[in-house]
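Hi there,

Here is the structure I promised to pass on. Have a look at it first, and then read my notes underneath.

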Amino acid sequence: MASHDPLVIAGREFASRLIVGTGKFGSFEVMRDALEASRTEIVTVALRRVDLEATGGPDILEFIDPDRYLLLPNTSGAMDAEEAVRIANLARAAGMPAWVKLEVTPEPRYLLPDPVETLKAAEALVKGGFTVLPYINADPVLAKRLEEVGCATVMPLGSWIGSNKGIRTCEAVQIIVEQATVPVVVDAGLGAPSHAAEAMEMGVDAVLVNTAIAIAGDPVEMAGAFRLGVEAGRRAFLAGKPAERDVAEASSPLTGFLEGT
Amino acid sequence: MRVVANGKPREVGPGATVEDLIRFVGLDPQYVIVEHNGEALERKRYGEARLTEGDRLELVRAVAGG
Amino acid sequence: MNEDGFIEPAPAVTFAEELARLPFDRLLEAAATASGARVEGALATSPVERTLDDFAALLSPAAGERLEDLAAASRRLTVARFGRTMRMYAPLYLSNECLTTCAYCGFARELPIARKTLSPQETLKEARYLLRQGFRSILLLTGEHERLTGVDFLEERIRLLAEEVPQLTIEVQVWSEPEYCRLVEAGCEGTVIYQETYHPDTYAKVHLAGRKRRYRWRLLGPERAARAGMRRVGIGALWGLHEDWRYEAVAVAAHAAFLQRNYWRTQVSVSVPRLRPSAAGFQPGTPVSDRDLAQVVCALRLFLPDAGLVLSTREAPAVRDGLARIGITHMSAGSHTEPGGYEHPKEAAEQFEIADVRSTEEVAERLREMGYDVVWEDWARVTPRVESALAGR
């Protein structure tokens with residue numbers, strides 16, 4: 001069934017529909033092996049100011065093969081549009097791909113995205129030639145607005161970052177999927193492969209997972225499990241998942257007027 | 001000559017480049033991202049971008065993140 | 001502006017490309033041969049998850065055998081989304097002048113009919129007649145005459161009527177995006193553009209002469225109107241032109257879904273007009289039966305829960321009352337299809353014969369008996385006049 005079913009973002013094809021974040025792993029070695037086991041082709045990193053008093057040690061980029069993975073810098077830490085644009089420009093100047101996972105999260109407890117600043121930043125970044133993948137709350141109208149300014153995907157959250165609660169926003173994500181003309185990636189909150197499968201069954205195009213893999217007892221094993229969950233959900237979606245049954249409503253015949261015609 | 005790197009003053013020799021500074025603080029230029037006086041600096045220009053008195057530099061790197 | 005009439009930057013993808021990519025072979029196969037189990041699956045799927053393949057299965061003969069079940073599901077969805085309401089509108093023909101030859105139309109260029117274009121004063125009189133009947137939503141219609149009923153003409157008539165009529169929509173020639181912008185600015189709220197037939201060969205066969213021969217220009221009209229800021233856009237096929245009604249149904253459903261996805265600020269409605277007798281004397285090759293029409297209405301509702309479904313007085317009273325209970329949300333009543341026909345019936349030629357000749361009040365009364373709230377106005381533009389009324393001046 002659907003042997004060639006690539007994820008296409010901004011004209012670029014990916015065989016894997018699982019995007020993996022690199023935060024919270026115990027070591028770069030475990031992270032590298034987990035990336036490998038996940039078969040992901042898109043890997044996110046953040047950018048931070050170097051502590052000049054404590055340099056030395058390996059760099060994370062030594063563990064991410066740029067020929068194998070698309071490096072997707074995020075703008076985490078940005079409190080407003082201006083900061084997000086600044087971070088994206090830095091990453092591009094340093095030779096990273098002109099792709100950016102746009103995150104503007106001024107709210108410190110749940111790291112919820114700011115819709116107004118996100119839209120502003122998205123518009124500026126698209127104009128600046130970036131391929132923009134914005135992280136948003138599951139807001140269908142915001143998703144359309146971002147699509148209109150030229151974003152390559154929309155990335156609604158399943159639940160709060162790191163919460164592992166699964167896809168609590170499913171009703172709104174369903175509407176986003178129904179209306180979207182760009183790929184929909186569920187980002188944040190997926191705590192188990194079954195959550196990833198559930199999202200994919202709904203018809204989302206890809207998922208982004210980080211915490212659930214990184215903090216698992218065996219991150220490498222969990223990365224492989226997520227790969228299977230994503231694949232299972234995608235295949236179920238393509239196969240046409242049978243739906244729950246409505247309860248029928250008893251009423252007088254509605255087609256009686258057709259008798260004799 | 002004094003410049004400000006990541007918020008702290010630092011002495012560099014006359015004629016030093018951005019790349020000299022990166023190596024001096026113990027970093028590998030291929031993994032460092034630089035903002036020079038508020039402008040993103042392309043990596044290929046690290047070796048030619050000369051520092052002048054009072055320059056402000058931000059040295060940034062990729063770190064783990066989702 | 002590009003050659004498709006869009007203001008630059010033009011949209012990356014239009015419905016023309018989407019239509020060319022539709023897997024018609026697969027969809028029409030499903031529409032012709034879907035099994036009972038496949039129909040059951042399509043019925044059981046939740047509305048937001050229904051695909052165009054489900055829609056095709058719902059058009060099949062196997063689905064036709066379960067028409068009562070389709071109707072029950074369609075009615076449930078319609079009531080859930082729209083309540084027990086029926087929105088009323090009336091057509092107002094401004095002119096029957098036409099430079100186009102459509103084989104089926106009573107206004108076609110060479111027909112020796114009584115031609116008329118309403119003066120501003122006559123236009124106001126007709127509109128006031130409809131306002132007295134209770135209507136607050138009026139659909140303005142013309143033939144296709146670039147000079148006599150062009151954008152300047154429409155803009156002027158819309159400005160004239162906008163002072164008195166809360167909701168004005170148009171069903172006229174197809175314009176470019178900048179031209180639609182002018183009409184929106186003048187106070188036009190919506191646009192109706194029937195593709196007539198989505199089948200390019202049939203389209204070429206029945207549109208014999210005139211600007212309307214440009215299939216693609218017409219096909220992209222709804223997109224231009226939506227981009228120009230029309231709050232409502234109506235589309236439809238004229239059932240009976242193309243021999244396979246299932247083909248038209250698939251195309252019109254795909255078109256509506258495309259517009260909803262891409263122009264999400266616009267309310268999309270679909271009309272289901274069947275060919276009626278007219279001075280053109282055109283005979284449909286394969287007539288669409290009442291049962292077929294009912295099945296189309298059910299399938300459209302099940303695939304497009306949010307779309308307005310529109311039925312005019314082309315249909316007889318029994319069919320209108322029956323379809324109102326199944327999925328129709330917008331109806332006209334008491335219509336005349338000749339310019340000036342409300343104040344002076346039959347002086348000018350009509351576009352087609354109407355079949356429901358009941359008065360507006362009779363139709364409204366029947367709908368109330370059936371348990372419907374008859375809605376004359378559901379949106380109002382705030383004009384300076386309304387503003388001063390609200391301020392009590």
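Below is what I found, going from whole chains down to single contacts.

Before you start, keep in mind that this is a predicted model.

Let's begin with how the chains meet. Two pairs of chains are in contact, and the pair sharing the most contacts is A and B. Chains B and C, on the other hand, don't touch: 30 Å separates their nearest C-alpha atoms.

Next, chain A. You'll find eight helices and ten strands in it. Its radius of gyration is 20 Å, and the globule rule gives 18 Å for 261 residues; those values are close, so chain A is as compact as a globular protein of that length. If you draw a box around its C-alpha atoms along the principal axes, you get roughly 90 × 40 × 35 Å.

There's a nice little sheet to look for in chain A. It is open, has three strands in the order S6-S7-S8, and its pairing is parallel. Which strands stand at the edges? Those are S6 (99-102) and S8 (155-156) of chain A; each has a single partner strand, so one side of each has no neighbour in the sheet. Strand S7 (residues 131-136) of chain A runs parallel to S8(A), and two bridges join them. In one of the bridges, A:Ile136 is partnered with A:Pro156 of S8(A). Then find helix H3 (residues 115-127) of chain A, which packs on this sheet and touches S6 and S7 of chain A. The direction of H3 makes about 175° with that of S7(A).

Now over to chain C, with 17 helices and eleven strands. Its radius of gyration, 20 Å, is close to the 21 Å that the globule rule gives for 393 residues, so chain C too is as compact as a globular protein of its length. The C-alpha trace of chain C spans about 60 × 45 × 45 Å along its principal axes.

One helix pair in chain C is worth zooming in on. Helix H2 (residues 24-33) packs against helix H13 (residues 245-262) at an angle of about 125°, and their axes are 10 Å apart. Because of that angle, H2(C) counts as oblique to H13(C). The crossing is right-handed. Which residues make the contact? From H2(C) they are C:Phe24, C:Leu27, C:Leu28 and C:Ala31, and from H13(C) they are C:Arg246, C:Tyr247, C:Val250 and C:Ala251. Sorted by class, that gives seven nonpolar residues, one charged and no polar ones.

Have fun exploring!

Methods: Residues are numbered from 1 along each chain as its sequence is written. Chains are lettered from A and ligands numbered from 1 in the order in which they are written. This is a predicted model: local features need pLDDT of at least 70, side-chain atom pairs count only at pLDDT 80 or more; totals for chains, interfaces and linings use all residues. Side-chain values use heavy atoms; hydrogens and water are left out. Axes are lines fitted to C-alpha atoms, for helices over the stretch in contact, and angles run from 0 to 180 degrees between N-to-C directions. Helices (H or I, at least four residues) and strands (E, at least two) are DSSP runs, numbered from the N terminus. Angles under 35 degrees count as roughly parallel, over 145 as roughly antiparallel, 65 to 115 as roughly perpendicular and the rest as oblique. A crossing is left-handed if the near helix is turned anticlockwise from the far one by less than a right angle, and right-handed if clockwise. Contact means heavy atoms within 4.5 Å. Ala, Val, Leu, Ile, Met, Phe, Trp, Tyr, Cys and Pro count as nonpolar, Asp, Glu, Lys and Arg as charged, and the others, Gly among them, as polar. Two strands pair if DSSP finds at least two bridges between them. The radius of gyration is taken over C-alpha atoms; the globule rule is 2.2 Å times the number of residues to the power 0.38.
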